[in-house]
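Notebook open, structure loaded. I want to go through the empty spaces, the charged pairs and a helix, one entry at a time.

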Amino acid sequence: MQPIAADTPAAWTAAELEADRARWVFTLDDRARRDLVEAVRRVGRDPERDLLDYRREEFDLGAAAAPIAAAFREIRDGRGIALVRGLPREGITPEEFELMTWAIGLHHGVARPQGKASHYISKVQDAGTVYRSPTGRGYSSNAELDFHTDGADVVVLACYNRARSGGMSMISSSVTARNLMAAERPELCALLHQPFWFSRQAEQAPDETPAYPNPIYDTEEGLLFSRWNRNRVTSAQRIEGVPPLTPAQHEAIDLLDEILRRDAVMYRMWLEPGDMQLLNSHVTLHSRTEFQDFEEPERKRLLYRLWLAPPDSRRLPESWRNAYRAIEPGTVRGGIRGQNHDEHRRAFERRQAAALGMTCAG
């Protein structure tokens with residue numbers, strides 16, 4: 001198989017990404033930090049008010065708006081990864097930091113639900129869950145994670161506390177990995193363009209099946225898209241009706257995971273308190289090392305994760321429809337709708353979509 005879009009900035013190596021930090025790292029200055037604090041405290045985090053009731057127009061990001069917008073442009077049109085450094089952290093409560101993350105999301109997309117409870121923001125914190133289980137989720141465990149893509153166009157991860165040890169973030173270009181595989185084992189690369197079955201980890205909506213087929217790679221309008229999560233593919237093998245993986249498929253995904261962890265491909269970074277990492281799910285894969293936490297509850301590792309459908313999204317491959325429910329650009333798509341996607345949640349999505357000039361897919 002031939003390389004796809006080898007000249008795109010999303011096809012980077014670890015050395016190239018490190019040498020190009022000026023392109024994808026954005027640092028907020030003192031004025032931008034003050035403006036974010038004022039924006040959050042002017043509105044206030046009312047414990048009686050649901051996050052979904054806050055509106056985009058309530059939050060003026062001030063001087064922080066331009067660098068944050070530049071970071072979102074970079075993940076769409078550039079490397080597929082961006083880091084915003086210097087979100088206010090000292091003297092900021094976890095609740096204020098969560099609202100700040102939510103406010104940034106309101107300006108850049110429609111938040112997507114993330115699980116069975118149909119929640120729209122996740123605390124990435126060890127809650128004692130078992131990652132490698134039929135219902136396991138990585139964000140609520142302290143385990144080392146497989147390389148994977150999250151379930152929405154854009155992933156926002158804002159760091160409030162880092163762990164006592166471990167928890168390093170690792171990112172690889174899925175475009176680079178695919179091109180290396182095409183060069184080394186084209187027959188295995190071709191298999192990744194055919195459907196694999198992914199488990200919904202028992203979080204499916206009433207109108208969804210427990211598992212669905214999706215190729216790991218596909219193309220649309222000349223662009224390469226990726227979707228990979230070994231844990232979900234492994235879990236799907238326990239679901240009735242899912243065809244067993246062939247020996248060649250096993251070999252293909254083993255090689256993919258090996259390539260993703262090569263030193264030349266995998267970029268390592270620590271997220272410090274006040275860092276916000278942005279990822280384009282379609283051209284990056286990410287992972288995390290195991291971590292050990294502090295004993296004190298207030299010092300435990302804590303990040304806030306948003307999944308967003310942005311207004312400037314691109315058309316997805318038709319094969320993405322099972323996972324995203326819609327593939328058209330500028331639509332509210334992706335996420336894990338879960339089992340509590342009620343009228344309150346749907347009303348939030350319609351209101352936020354209208355504010356951004358987007359279409360709700362229903």
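**Entry 1: burial in a helix.** I call a residue buried when its relative accessible area is under 20%, and exposed when that area is over 50%. I keep in mind that this is a predicted model.

I started with α9. Which residues of α9 are buried? I got Q249, A252, I253, L255, L256, D257, I259 and L260. So the list includes D257 and Q249 as well as I253 and L256.

Next I checked the length of the helix. α9 runs over residues 247-260, 14 residues in all, and at 1.5 Å a residue the expected span is 20 Å. I found the end C-alpha atoms 20 Å apart, so the two agree.

**Entry 2: V242.** I stepped back along the chain to V242, which sits in the loop between α8 (230-236) and α9. Is V242 buried or exposed? Its relative accessible area is 12%, so I put V242 down as buried, the limit being 20%.

Then I looked up its partners. Setting aside neighbours within four places in sequence, I have V242 in contact with W197, A211, A236 and Q237. I also checked P210: it is 32 residues from V242 along the chain, and their C-alpha atoms are separated by 9.8 Å.

**Entry 3: the largest pocket.** Rolling a probe the size of a water molecule over the atoms shows where empty space is left. For the largest pocket I noted a volume of about 500 Å³. Its lining has 28 residues, and I75, R76, D77, N280 and R314 lie nearest the centre.

Which element gives the largest share of this lining? It is α4, with six residues. I listed α4 (65-77), α5 (94-108) and β11 (223-226) as each supplying at least two residues. By class, I have 14 nonpolar, seven polar and seven charged residues in the lining of this pocket.

**Entry 4: salt bridges.** The structure holds 32 salt bridges, and I looked at some of them.

R76 came up again, this time paired with D77, the closest N and O atoms being 2.6 Å apart. R76 has 29% relative accessibility, so I count it as partly exposed. D77 is at 43%, so it is partly exposed too. I then traced the network of salt bridges that links R76, D77, D312 and R314. R76, D77 and R314 were already in my notes as residues nearest the centre of the largest pocket.

Next I took R112 and E349, which form a salt bridge with the closest N and O atoms 3.0 Å apart. The pair links distant parts of the chain, 237 residues apart: R112 is in the loop between β3 (110-111) and β4 (122-124), and E349 is in helix α11 (residues 343-355). Are the two partners buried or exposed? R112 is at 2% relative accessibility, so it counts as buried. E349 has a relative accessible area of 5%, so it is buried as well.

The last pair I looked up was E187 with R185, where the closest N and O atoms are 2.5 Å apart. I have E187 as partly exposed at 41%, and R185 as partly exposed at 29%.

**Entry 5: cavities.** How many cavities of 30 Å³ or more are there? I count two.

The largest cavity holds about 690 Å³ of space. I found 50 residues in its lining, with H148, D150, H286, R305 and W307 nearest the centre. β5 gives the most, with four residues. The elements that each supply at least two are β5 (154-161), α8, β13 (276-280), β14 (284-288) and β16 (302-309). Sorted by class, the lining has 19 nonpolar, 18 polar and 13 charged residues.

The second largest cavity has a volume of about 30 Å³. I wrote down its lining as W102, G105, L106, G109, A111, L306, L308, F348 and Q352. Two or more of these residues come from each of α5, β16 and α11, and α5 gives the most, with three. The lining of this second cavity has six nonpolar and three polar residues, and no charged ones.

Conventions: Residues numbered from 1 in each chain as written. Predicted model: local features only at pLDDT ≥ 70, side-chain atom pairs only at ≥ 80, totals over all residues. Heavy atoms only, no water. Expected span 1.5 Å × (residues − 1). Buried < 20%, exposed > 50% of the residue type's maximum accessible area, 1.4 Å probe, protein only. Contact = heavy atoms within 4.5 Å. 1 Å grid on protein atoms, 1.4 Å probe; cavity = no way out; pocket = protein on both sides within 12 Å on 5 of 7 lines; lining within 4 Å. Points joined across faces, edges and corners; volume = space filled by probe spheres on them. Nonpolar A, V, L, I, M, F, W, Y, C, P; charged D, E, K, R; others polar. Salt bridge = Lys/Arg side-chain N within 4 Å of Asp/Glu carboxyl O.
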